[in-house]
Every structure is written in C-alpha cells, then in structure tokens.
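Me: Could you take me through the labels used for this protein, and tell me what stands behind each one?
Reply: Gladly; here is the structure to look at while we talk.

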Amino acid sequence: MTDQPAPASAALPLGRLFPLYAAQALATGATTVSTVLASIIMGSLGNEALAGLPSTVIQTSAAFSASFFGALMLRRGRRLGLTLAFMLGTLGAALGFLGAKLHLTPLFLLGAATMGAAQGGYQQARYAAAESVPDNKRGAALGALMLMSVAGSFVMTGFSRPIEQLGTVLGTTPEVAGWLIGGALLGLAAVLITTWQPLTTLQPGKKLNLSVRDAFRTPGVRSTALALATGQGIMVTLMSLTPLRAHHMGMDHAGVAAIISGHILGMFGFGWFTGPLVDRLGLKPGYVAGAFLLAAAALTAPIESHAWLGVSMFLLGLGWNLVFVSGSKALSRTPAAQGVSDSLGYVASGLGTLLGGLIIARAGFPALAHLCAVLALLPLISAARTRPRT
C-alpha cells in the first residue's frame with residue numbers, strides 16, 4: 001500500500017479523516033474505562049501496596065513498542081500499523097478482564113502490558129493526521145484529533161451507569177467490566193481504521209528514508225524530542241501524584257474527579273484553538289507558552305488550596321497541549337524519529353512517577369513541584385532552535 005497525496009485545499013479533509021479520528025476517540029474511551037482505573041483493580045486483587053504497578057507496566061511496555069510501531073509504519077504504512085495496534089489492544093483488554101475476573105494477578109498484569117504495547121502504536125495516529133494535510137494545517141489537524149480524544153473520554157464517563165449494570169450481570173465490579181468494554185471499543189477501532197484511506201503530504205525521498213540515527217542528526221529533531229519527552233514526563237508525573245496530595249489535603253472522591261476532569265479539559269478541550277494558533281504563529285510561541293504554563297502549573301501545585309490545585313491541573317493540561325501540538329507538528333516532517341521520540345516520552349513518564357514518589361517520601365510534594373518547574377523550561381531549548389514562523 002502506498003499513501004496518496006493529500007489535496008492542497010484550505011479546509012481539513014474531515015470526511016477522509018473521519019475513520020482515523022473516530023478510531024482515536026474509541027481508543028481514548030477504552031483507556032478511560034480500563035487502564036485509568038487499573039490501580040483500583042490491583043488493590044482489589046490483594047496487592048494495594050503495588051497499586052501503581054499496572055501504570056508502570058503500561059508505560060514501560062509502551063516505551064518498548066513505540067519504536068517498533070514507528071519503524072513498522074514507516075515500512076508498511078500507517079493503516080497496517082494502527083490496525084495491528086488496535087487489535088493488540090483488544091487482546092490486552094481481554095487478558096486484563098480475565099485476569100481481574102479470575103483474580104489472577106500475573107494474567108491481569110500481562111493484559112496491562114499488552115494494552116501498553118498497543119498504546120505505543122495507536123498514539124502515533126496523530127502523525128497520520130498531520131501527514132494528511134499541508135504543513136500549514138497540521139496544527140489544526142492535531143487539534144481536531146485532540147477534540148475527538150476528549151469526546152471519547154467524556155462519552156465513556158457518561159456511560160458509567162451501564163458499565164455498572166454490566167459488572168452486576170457479569171458478577172464483577174465496574175472497573176473490571178470496563179476492561180471488557182475497552183476491548184470492544186478497540187476492536188471497533190480496528191475495523192474502522194481498515195476503511196481509512198491514508199493521505200500524505202510528505203514529499204517522496206525527503207526525510208522519509210532516513211535511518212533513525214540520521215533522523216536525529218537533522219537540525220532541531222533532538223531538541224524537539226527533548227521538548228516532547230519533557231512535556232510528557234512532567235504532565236504524567238504531576239497528574240499521577242497530585243490526586244494523592246489532594247487526598248491528603250482532605251479532598252473527597254468527587255473533588256479529585258473534578259480536578260482530573262479539569263486536567264483532561266486542559267489537555268484536549270482546547271485543541272480547536274491551540275492547533276490553528278500554532279499554525280498561525282509558528283512552533284516557537286507554542287513551545288514558549290507551553291513551557292511557562294507547565295512551570296506555572298508546577299509552582300501552583302504546592303499551594304494549600306483546593307481551588308489552586310484545580311487551577312494547577314488545568315494549566316498542566318494546557319501547557320502539555322501546546323508543547324505536544326508544537327512538537328508533534330515538527331516531528332511530522334521527520335517520520336524516522338517519531339517512534340523513538342514517543343519511547344523517550346514514555347521513559348520520562350515512568351521515571352518521573354517512580355522518582356517522584358521517592359522525592360515526595362523524602363522531601364515532600366513541594367520539592368517535587370519545584371523540580372518540575374525547573375525542568376518545565378527545557379522546551380525553551382526547542383524554541384531557541386526553531387526558525388521563526390515554522
């Protein structure tokens with residue numbers, strides 16, 4: 001299969017992109033009803049001390065698989081790679097459901113690892129969306145994909161009652177039933193993606209046949225990968241550890257859910273604005289604004305106030321959004337670097353949550369937040385290495 005040139009039109013080809021966008025929405029919904037709640041399942045299996053292990057397994061597995069899927073898509077095309085990733089996710093969800101239902105912890109963790117491997121593949125759908133439009137529309141294409149992601153997450157949140165009823169029918173909890181729902185959604189995503197006709201605006205022979213080593217020698221690629229890994233690592237670290245701080249501050253379950261919803265809104269809900277903004281102003285303002293928003297989120301996180309904690313989580317999501325859109329648009333020009341860059345982001349996330357917990361235990365949450373505020377300025381290196389209006 002060879003990709004077809006994308007039409008040089010002023011508008012996004014939403015009709016052609018719909019299967020890709022819908023599949024990504026289904027995948028986000030699957031994550032919302034399954035892996036996000038994996039720590040609760042781990043506790044119910046009698047391993048509460050290891051409640052964070054599924055998340056670590058997922059991030060580690062995704063780090064290994066992202067490079068593999070990036071290379072596969074480069075050789076065989078986006079559609080095949082994404083289809084295999086969604087199918088792998090279906091298998092992982094089924095294994096996770098069976099492991100949780102039968103109280104077999106190793107089987108549940110195997111399912112989590114398989115789901116992580118799938119995420120390392122289907123999260124690269126953003127590059128498929130960016131490649132489908134001219135360069136001056138790639139931010140808008142990425143923003144639209146983010147909107148579909150937040151839609152999938154919120155729709156699944158609204159289906160909490162039917163999922164509870166399914167859990168009752170199956171004789172298990174809603175969290176376990178969510179894995180079964182997640183597998184069904186990923187299976188549907190795999191079917192949808194087979195109907196998608198890939199488009200690409202990449203010029204044949206231009207940065208397409210580079211080796212990974214040569215790709216990372218391309219000016220600006222290493223600093224872009226650094227920005228993406230930094231944004232991902234800080235976002236996941238604070239997102240994962242702030243709810244524990246909120247609990248210690250006396251915030252109830254509804255309050256924690258509210259600040260997480262605000263965080264998701266910041267991450268995905270403003271893609272309609274940030275994507276076209278990066279197209280209009282260029283990558284440099286995106287990196288600068290994203291870096292300072294991430295730093296502001298980290299600096300406000302230690303404030304002893306429920307309201308400020310909510311503000312912090314929203315700023316964290318919005319700062320990540322700007323760095324993510326800018327970096328993804330930049331890397332859409334160098335496909336050989338995409339998978340490895342994603343792997344670096346997953347590694348940063350895993351190390352961040354692991355070391356972040358140790359820092360909190362030894363020095364307290366403010367020490368972690370202040371360290372994150374300093375690291376949040378690393379995307380400014382990308383800004384400095386970016387030519388104006390790119």
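**From labels to cut-offs**

Me: Why is Trp-320 called buried or exposed?
Reply: Trp-320 has a relative accessibility of 5%, and buried means under 20% relative accessible area, exposed over 50% and partly exposed in between (1.4 Å probe, protein chains only). Trp-320 therefore counts as buried. Please keep in mind that this is a predicted model, where local features need pLDDT of at least 70, side-chain atom pairs count only at pLDDT 80 or more, and totals for chains, interfaces and linings use all residues. Residues are numbered from 1 along each chain as its sequence is written, and side-chain values use heavy atoms, with hydrogens and water left out.

Me: How many aromatic pairs does a search of the whole structure find?
Reply: The search finds 8. One of them joins Phe-268 and Trp-320, with 5.8 Å centre to centre and 80° between the planes.

Me: What makes Phe-268 and Trp-320 a pair, and of which kind?
Reply: Rings of Phe, Tyr and Trp (its six-membered ring) pair if their centres lie within 6.5 Å; planes under 30 degrees apart are stacked, over 60 edge-to-face and the rest tilted. With 5.8 Å and 80°, Phe-268 and Trp-320 are an edge-to-face pair.

Me: Which parts does the pair of Phe-268 and Trp-320 tie together?
Reply: Phe-268 lies in helix 12 (residues 253-269) and Trp-320 in helix 15 (residues 306-331), so the pair links parts 52 residues apart in sequence. Helices here are DSSP runs (H or I, at least four residues), as are strands (E, at least two), numbered from the N terminus. Phe-268 counts as buried too, because its relative accessibility is 16%.

Me: Why do Phe-270 and Phe-314 count as an aromatic pair, and of what kind?
Reply: Their centres are 5.8 Å apart and their planes make 75°, which gives an edge-to-face pair. Phe-270 lies in the loop between helix 12 and helix 13 (271-281) and Phe-314 in helix 15, so this pair ties together parts 44 residues apart in sequence. Phe-270, at 27%, is partly exposed, and Phe-314, at 25%, counts as partly exposed. Phe-270 and Phe-314 also belong to one aromatic cluster with Trp-272 and Phe-273.

Me: How do you know that the span of helix 16 is close to the expected one?
Reply: The expected span is 1.5 Å times one less than the number of residues. For the 26 residues of helix 16 (residues 338-363) that is 38 Å, and the helix reaches 36 Å from its first C-alpha to its last. Gly-364, with a positive phi near 100°, follows helix 16.

Me: Where does Leu-355 lie, and is it buried or partly exposed?
Reply: Leu-355 lies in helix 16. Its relative accessible area is 44%, so Leu-355 is partly exposed. Among the buried residues of helix 16 are Tyr-346, Thr-353 and Gly-356.

Me: What is Leu-368 in contact with, beyond its neighbours within four places in sequence?
Reply: Contact means heavy atoms within 4.5 Å, and Leu-368 has such contacts with Thr-237, Leu-241, Gly-356, Ile-359 and Ile-360. The C-alpha atoms of Leu-368 and Gly-356 are separated by 6.3 Å, although the two are 12 residues apart along the chain. Leu-368 lies in helix 17 (residues 365-375), and its relative accessible area of 3% makes it buried.
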